[in-house]
Amino acid sequence: MLLDCLNMEQPIFSTKAHVFQIDAGTKKDWVPASSASVSVSYYYDSTRNTYRIISVDGSKAIVNSTITPNMTFTKTSQKFGQWSDPRANTVYGLGFASEQDLSKFIEKFKEVKEMTRQVAQLKQSEMNGGVDSHPTSPQPSGRQPLHQRTNSLSSIQNDSGSLRERRNSFTQGGGGTNGVSPNPSSEAQLKYENDRLKLALAQSSANAKKWEVELQTLKNNNARLTAALQESTANVEEWKKQLAAYKEESARLKKRLLDQDKGGGGDMVVQLTDQLERIRLDNQKKQEEIKNLGSQIEELQSRDSQLSALQVRIQALEEENHHLTLRMQDSQRQNQEGKSLRDQEHRDLIKLQDTVGSKLTELYEIHETIMATLKHESHS
């Protein structure tokens, strides 16, 4: 059904690329979806007012991704990019022959994404009753409609049976050949890039582990300080109750003191005065303890802010680890692709050598037959 729809529509942009999909099991390794470079095109569906990326290998659709405003195309190397399709529950990867082809594809992706965003806004406005009942797809000012523009680049014709074109394709892909043997400088560059990414990934992982240890330490300290804060809060409440009781006792003693002054009890006045002084000192001590508890609370809040900053740094390190992992996987994929192309070329060269050898043998036998015929005629 998809192929029938494609026959009725015209692509608005086409290019050539190797298609990959992320391994559904590991979510890390790339699995080739095409055996060679295939056509990857942007299509406009006028019935649904949507844009899609479609690639067909033979009679099989290996890419059928509807573009949404939330999608992002990420360039992971000079000739490789990827995007995630939540509807298809997969991640697509495209390997291009040159960096210019990748840049053109990214520009077209951004343009189409902007179109889908405008279409979504128009649909939302229509639902809110703010636009005409027959909206059309938004178009940039001064330009043709996106679904009516054709690709200015002609499609590249690949003949998989030609040894020379496979060599050129391998050279464009980054493998590179020089006569029979591959270019050692390209292999060395790929190996250096792969080793460098592995080293950066190892360092990033070590930093992440170190921050995880520090984060665990801060969590332990936070739990201990939280327990101390809860205990101190309970003590503060108890001391407030005691302070209120002391104030009541002080007021009661003052009243008794006044009564004693009226009655002439001098010793009782001295005793009550001393007791009042002790209560005042206890009150002062409790106030100092409350102040210390306030300082501890401020220190705990400061530690909480440090803990939040550390969590942000750990999250950044994890994202850096993920990016380095993707780059290393891309480097490994390029190495594997170059090796498979070199092996295929070597097999073709051996086959060509066998063919040339057989032809030389036939020519030698024909030459011997001609020489024998000439000698026989000369004797006759």
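Begin by selecting strand β4 together with strand β5 (residues 60–66): six bridges join the two, and they run antiparallel. The model on the screen is a predicted one.

**First stop: the strands around β4**

Within this pair, select Ser 55, which stands opposite Val 63 in β5. Next, move to the turn. Strands β4 and β5 form a hairpin with two residues between them. Gly 58 lies in that turn and has a positive phi of about 75°.

Now add strand β3 (residues 38–45) to the selection. This strand is joined by six bridges to β4 (residues 50–57), and the two run antiparallel. Select Ser 55 again and look to the β3 side, where Val 40 stands opposite Ser 55. Ser 55 thus stands opposite Val 40 and also opposite Val 63. Strands β3 and β4 form a hairpin too, with four residues between them. In this turn, select Asn 49, whose phi is positive at about 60°.

Remain here and display the side chains of Asp 45 and Arg 48. They form a salt bridge, with the closest N and O atoms 2.9 Å apart. Is each partner buried or exposed? Asp 45 is buried, because its relative accessible area of 5% is under the limit of 20%. Arg 48 is exposed, because its value of 57% is over 50%.

**Second stop: helix α2**

Select residues 99–127, which make up helix α2. What distance should its 29 residues span? At 1.5 Å a residue the expected span is 42 Å, and the C-alpha atoms at the two ends are 42 Å apart, so the expectation and the model agree.

Colour the buried residues of α2, among them Leu 102, Phe 105, Ile 106, Phe 109, Val 112, Met 115 and Val 119. Charged residues are also on the buried list, including Asp 101, Lys 108 and Glu 111. Against what do the buried residues of α2 pack? Their partners are β1 (13–22), β3, β4, β6 (73–75), β7 (80–85) and β8 (90–95). Two of the strands from the first stop, β3 and β4, are therefore among these partners.

Next, select Glu 114 and Arg 117 in the same helix; they are three residues apart, about one turn. An α-helix has 3.6 residues a turn, so residues three or four places apart point the same way. Glu 114 and Arg 117 form a salt bridge, with the closest N and O atoms 2.3 Å apart. Glu 114 counts as partly exposed at 31% relative accessibility, and Arg 117 counts as partly exposed at 33%.

**Third stop: helix α5**

Select residues 266–379, which form helix α5. Show Glu 299 and Arg 303, which are four residues apart in this helix and are therefore separated by about one helical turn. They form a salt bridge, and their closest N and O atoms are 3.8 Å apart. Both are partly exposed: Arg 303 has a relative accessible area of 30%, and Glu 299 has one of 43%.

Continue to Asp 330, Arg 333 and Glu 337, which are linked in a network of salt bridges. The count for the model comes to ten salt bridges.

**Last stop: a nonpolar patch**

Finally, select Leu 352, Val 356, Leu 360, Leu 363, Ile 366, Ile 370, Met 371 and Leu 374. Together they form a nonpolar patch on the surface, with about 730 Å² of accessible area. Centre the view on Leu 363, which is found in helix α5. Leu 363 is exposed, because its relative accessible area of 54% is over 50%.

Methods:
Residues numbered from 1 in each chain as written. Predicted model: local features only at pLDDT ≥ 70, side-chain atom pairs only at ≥ 80, totals over all residues. Heavy atoms only, no water. Pairing = 2+ DSSP bridges. Expected span 1.5 Å × (residues − 1). Buried < 20%, exposed > 50% of the residue type's maximum accessible area, 1.4 Å probe, protein only. Contact = heavy atoms within 4.5 Å. Patch = residues over 30% accessible without salt bridge, like charges linked within 9 Å, V, L, I, M, F, W, Y side chains within 5 Å. Areas by Shrake-Rupley, 256 points an atom, 1.4 Å probe, with all protein chains shown as cover. Salt bridge = Lys/Arg side-chain N within 4 Å of Asp/Glu carboxyl O.
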